[in-house]
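This note is addressed to a colleague who is meeting the structure for the first time. Please read the numbered points alongside the sequence and the model.

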Amino acid sequence: MAPLRFSANLSWLFPELSGFPARLRAAGSSGFEAAEICWPYAEPPEALARAAQEAGLRVVLINTPPGDREKGENGLGAVPGRQAAFREGLEQAVLYAKALGCSRIHLMAGRVPKGADRAAVRSEMEIVFLENLRHAAEVLAQENLVGLLEPINTRITDPRYFLDTPQQAAAILQKVGRPNLQLQMDLFHWQIMDGNLTGNVREFLPIVDEGYTGFVGCEYQPRGDTAEGLSWLRSYWEMRGRPQAGQ
């Protein structure tokens, strides 16, 4: 089995540092080869691309913009009435992805509207999501980019998130039927919603990307200093015979 390759999710790691350029430098110094940034849009794409290059990092994943965070939005892909905003955000995400050399964009579904019953609006939200995903697939295909759907658990993390199980995401991907849209495997969310990880990985691996040789994202909240807490990763690299940063 080939060694696992890890990317640093800089929206979570190195919170002790201000700004993504500083976090990119820290990730590179810590030995990472790649990074993910959920929402890079507060920084100019050229500045991020320069910082990533200087740090020797590839940026391998970004998200579409969340929408209006002050109004409680967390993605717009399935939100009725926000189709134009989703498509505008998609164009922004593509601009950043091209500048950063990033080939994958997480197409965020968004939340069930406040006060709405999930079951009552599910059909309408799915129709909106399907329309937006078909549009996104065409836009992404023009730039040779891949769109990802990530189910986010509704038991702990985001109770109102529309897309919350791999089964739901797989059904939507089948309806859209575009090869450049795939399933993003977040085992944390899958375990919380359904358990049965071995069975689900076997079932959904073909639409994740069977034969995947990309990066495994490190997305967690450090207990203290991020670099000091990476001893587990340094141990893995040492076990696999990889030279450590600075060697």
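The points below concern a predicted model and take up its pocket, two of its helices, its cysteines and several individual residues.

1. The largest pocket. The volume of the largest pocket is about 1,200 Å³. Its lining is made up of 43 residues, and those closest to the centre are Glu150, Gln184, Met185, Asp186 and Glu219. Sorted by class, the lining holds 19 nonpolar, 13 polar and 11 charged residues.

2. Elements around the pocket. Which element gives the largest share of the lining of the largest pocket? It is strand 3, with 4 residues. The elements that each supply at least two residues of this lining include strand 1 (5–9), strand 2 (34–37), strand 3 (58–63) and strand 4 (104–106). Also among them are strand 6 (181–183), helix 6 (187–194), helix 7 (197–209) and strand 7 (215–218).

3. The two sides of helix 2. In helix 2, which spans residues 45–55, the buried residues are Pro45, Ala47, Leu48, Ala51, Ala52 and Ala55. They lie on the same side of the helix, because the arc they cover around the axis is only 160°. The general background is that an α-helix has 3.6 residues a turn, so residues three or four places apart point the same way. Glu46, Gln53 and Glu54, on the other side of helix 2, are exposed.

4. Surroundings of helix 2. Helix 1 (20–29), strand 3 and helix 3 (83–100) are among the elements that cover the buried residues of helix 2. Just after this helix comes Gly56, which takes a positive phi of about 70°.

5. Helix 5. Helix 5 runs over residues 166–176, and its buried residues are Pro166, Gln168, Ala169, Ala170, Ile172, Leu173 and Val176. What do the buried residues of helix 5 pack against? Their partners are helix 4 (118–142), strand 5 (146–149), strand 6, helix 6 and helix 7. Gly177, just after helix 5, has a positive phi of about 65°.

6. Positive phi outside glycine. Most residues other than glycine have a negative phi. Asn144, although not a glycine, has a positive phi of about 60°. Asn144 sits in the loop between helix 4 and strand 5 and is exposed, because its relative accessible area of 68% is over the 50% cut-off. Asn196 is not a glycine either, and its phi is positive at about 45°. The location of Asn196 is the loop between helix 6 and helix 7.

7. Cysteines. How many disulfides does the model contain? The count is 0. Cys38 takes part in no disulfide, and the nearest cysteine sulfur, that of Cys102, is 12 Å away. For Cys218, the closest cysteine sulfur is in Cys38, at 13 Å, and that is too far for a bond because a disulfide requires the two sulfur atoms to be within 2.5 Å. Cys38 is buried, with a relative accessible area of 15%. Cys218 likewise counts as buried, at 4% relative accessibility.

8. Thr226. Is Thr226 buried or exposed? Thr226 is buried, because its relative accessibility of 1% is under the 20% cut-off. Thr226 belongs to the loop between strand 7 and helix 8 (231–239). Neighbours within four places in sequence aside, Thr226 has contacts with Leu13, Phe14, Pro15 and Glu16.

9. Pro113. This proline is located in the loop between strand 4 and helix 4. Pro113 counts as partly exposed, at 33% relative accessibility. Once residues up to four places away in sequence are set aside, Pro113 touches Met125 and Arg160. Pro113 and Arg160 are 47 residues apart along the chain, and their C-alpha atoms are separated by 7.7 Å.

10. Arg240. The segment after helix 8 contains Arg240. With a relative accessible area of 39%, Arg240 is partly exposed. Where along the sequence and in space does Arg240 stand with respect to Leu4? The two are 236 residues apart in sequence, and the distance from C-alpha to C-alpha is 9.3 Å.

How values were computed. Residues are numbered from 1 along each chain as its sequence is written. This is a predicted model: local features need pLDDT of at least 70, side-chain atom pairs count only at pLDDT 80 or more; totals for chains, interfaces and linings use all residues. Side-chain values use heavy atoms; hydrogens and water are left out. On a 1 Å grid over the protein atoms alone, a cavity is a set of points where a 1.4 Å probe fits but cannot get out, and a pocket is an open set with protein on both sides within 12 Å along at least five of seven lines; lining residues have an atom within 4 Å of a point. Grid points are joined across faces, edges and corners, and a volume is the space filled by probe spheres set on the points. Ala, Val, Leu, Ile, Met, Phe, Trp, Tyr, Cys and Pro count as nonpolar, Asp, Glu, Lys and Arg as charged, and the others, Gly among them, as polar. Buried means under 20% relative accessible area, exposed over 50%, partly exposed in between (1.4 Å probe, protein chains only). Contact means heavy atoms within 4.5 Å. The arc is that of the directions from the helix axis to the C-beta atoms.
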